[in-house]
Amino acid sequence: MLKEAVAQGATVEVAFANACRELGVDTTEAEFEILEMPTKKTFGIFGGSPAKVRAYIEENDDPAQAAADYLKAVLREMGLPDVEIGITREEAGAALSLSGEDIGFIIGHRGETLDSLQYLASLVANHVESSYYRITLDVGNYREKRKETLEALGKKMALRAVKYGRNNALEPMNPYERRIIHTAVQTVEGAKSWSEGEDIRRHVVIGPEGGERAQRHNNRHGDRRSDRRGDRRGYNNRRDNRQSGNRSDNTPRAEGPKSDAPDMPIYGKIEAKK
């Protein structure tokens with residue numbers, strides 16, 4: 001489908017630039033046709049007319065192909081001119097699969113670069129399609145592998161939350177990955193999950209359905225031994241005080257655990273084992 005605009009200017013170049021501006025594209029992206037050449041004024045006073053140019057572009061009405069073409073252009077600038085892009089059409093969208101040599105770096109740290117390219121490709125596709133058109137981008141089946149890793153992580157943390165009665169905060173994730181975690185947690189009886197944080201810090205927290213349980217800091221042997229040691233120390237101190245004639249109660253009291261600094265996070269990042 002052609003998209004065109006007609007404009008005038010003092011010269012052909014100016015008229016062409018004006019027409020491209022109306023199309024919203026750069027002059028390197030459009031073709032043009034000269035409708036009228038400019039004419040000079042007689043004696044610099046009478047007559048004369050501006051140049052008239054028709055600029056046009058071939059507009060792709062296939063959102064999936066438009067997204068693929070855009071990605072090819074971006075990847076070419078990234079030094080990957082030979083990347084192949086396969087298109088699998090789906091309901092209300094398409095899956096684009098990239099293949100080629102030495103393209104693993106496109107994925108980025110935990111898929112961040114891949115997610116960014118997918119977002120940009122989606123913008124291009126939805127510029128063509130009036131209704132929402134979903135684009136997913138994959139390299140070497142990374143999405144499926146990441147999904148399996150997140151599902152395993154969600155179940156593992158859910159089981160831990162139920163067993164120990166404590167909340168577990170995961171690392172920040174995008175909405176798609178958070179949904180995978182939430183779905184996995186739902187398969188574990190007694191566990192629940194929710195999201196906290198804003199923007200790029202938004203993350204999933206997994207905990208027991210009834211809320212956190214009070215924790216007991218004891219064991220069958222260690223605490224009894226420490227209690228006996230504490231009792232002996234208290235007895236010896238009291239005996240020393242009586243022998244020295246000191247009637248004041250100077251028996252030392254056991255100190256509780258030192259609290260963390262106020263700015264220290266309660267839970268660290270929890271990552272899947274590789």
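These numbered points cover the overall make-up, one sheet, a surface patch and a loop residue of a predicted model.

1. Overall make-up. The protein chain carries 6 helices and 9 strands. It has 274 residues, and 30% of them count as buried. The exposed area of the protein chain is about 19,000 Å², with 49% of that supplied by carbon and sulfur atoms.

2. Contacts along the sequence. Taking contacts in the protein chain between residues at least 6 apart in sequence, 58% join residues at least 24 apart.

3. The three-stranded sheet. One open sheet consists of 3 strands in the order 1-3-2, and the pairing is antiparallel. Strand 1 (2-9) and strand 2 are the edge strands, each pairing on one side only. From one strand to the next, the twist averages 25°. As background, strands of a sheet pair through backbone hydrogen bonds, in either a parallel or an antiparallel manner.

4. Strand 2 against strand 3. Strand 2 covers residues 31-36, and strand 3 covers residues 51-58. The two run antiparallel and are joined by 5 bridges. For a specific position to check in the viewer, glutamate 33 has arginine 54 in strand 3 as its bridge partner.

5. Helix over the sheet. Helix 1 (residues 12-23) lies across strand 1, strand 2 and strand 3. Relative to strand 1, helix 1 runs at about 135°.

6. Nonpolar patch. Phe32, Ile34 and Met37 make a nonpolar surface patch of about 290 Å². Of these residues, isoleucine 34 is found in strand 2, which is an edge strand of the sheet in point 3. Is isoleucine 34 buried or exposed? Neither label applies: its relative accessibility is 39%, so isoleucine 34 counts as partly exposed. The cut-offs behind this are under 20% for buried and over 50% for exposed.

7. Glutamate 212. This residue lies in the loop between strand 9 (203-208) and helix 6 (222-244). Glutamate 212 has a relative accessible area of 40% and is therefore partly exposed. Which separation does glutamate 212 have from glycine 165, in sequence and in space? The two are 47 residues apart in sequence, while their C-alpha atoms are 5.1 Å apart in space.

8. Points to inspect. Two places can be examined directly in the model: the patch made by Phe32, Ile34 and Met37, and the C-alpha to C-alpha approach of glutamate 212 and glycine 165 at 5.1 Å.

Definitions and conventions. Residues are numbered from 1 along each chain as its sequence is written. This is a predicted model: local features need pLDDT of at least 70, side-chain atom pairs count only at pLDDT 80 or more; totals for chains, interfaces and linings use all residues. Side-chain values use heavy atoms; hydrogens and water are left out. Helices (H or I, at least four residues) and strands (E, at least two) are DSSP runs, numbered from the N terminus. Buried means under 20% relative accessible area, exposed over 50%, partly exposed in between (1.4 Å probe, protein chains only). Contact means heavy atoms within 4.5 Å. Accessible areas come from the Shrake-Rupley method with a 1.4 Å probe; for residues, only the protein chains shown count as cover. Patches are made of residues with over 30% relative accessible area and no salt bridge: like charges are joined within 9 Å, nonpolar side chains (Val, Leu, Ile, Met, Phe, Trp, Tyr) within 5 Å. A salt bridge is a side-chain nitrogen of Lys or Arg within 4 Å of a carboxyl oxygen of Asp or Glu. Two strands pair if DSSP finds at least two bridges between them. Axes are lines fitted to C-alpha atoms, for helices over the stretch in contact, and angles run from 0 to 180 degrees between N-to-C directions.
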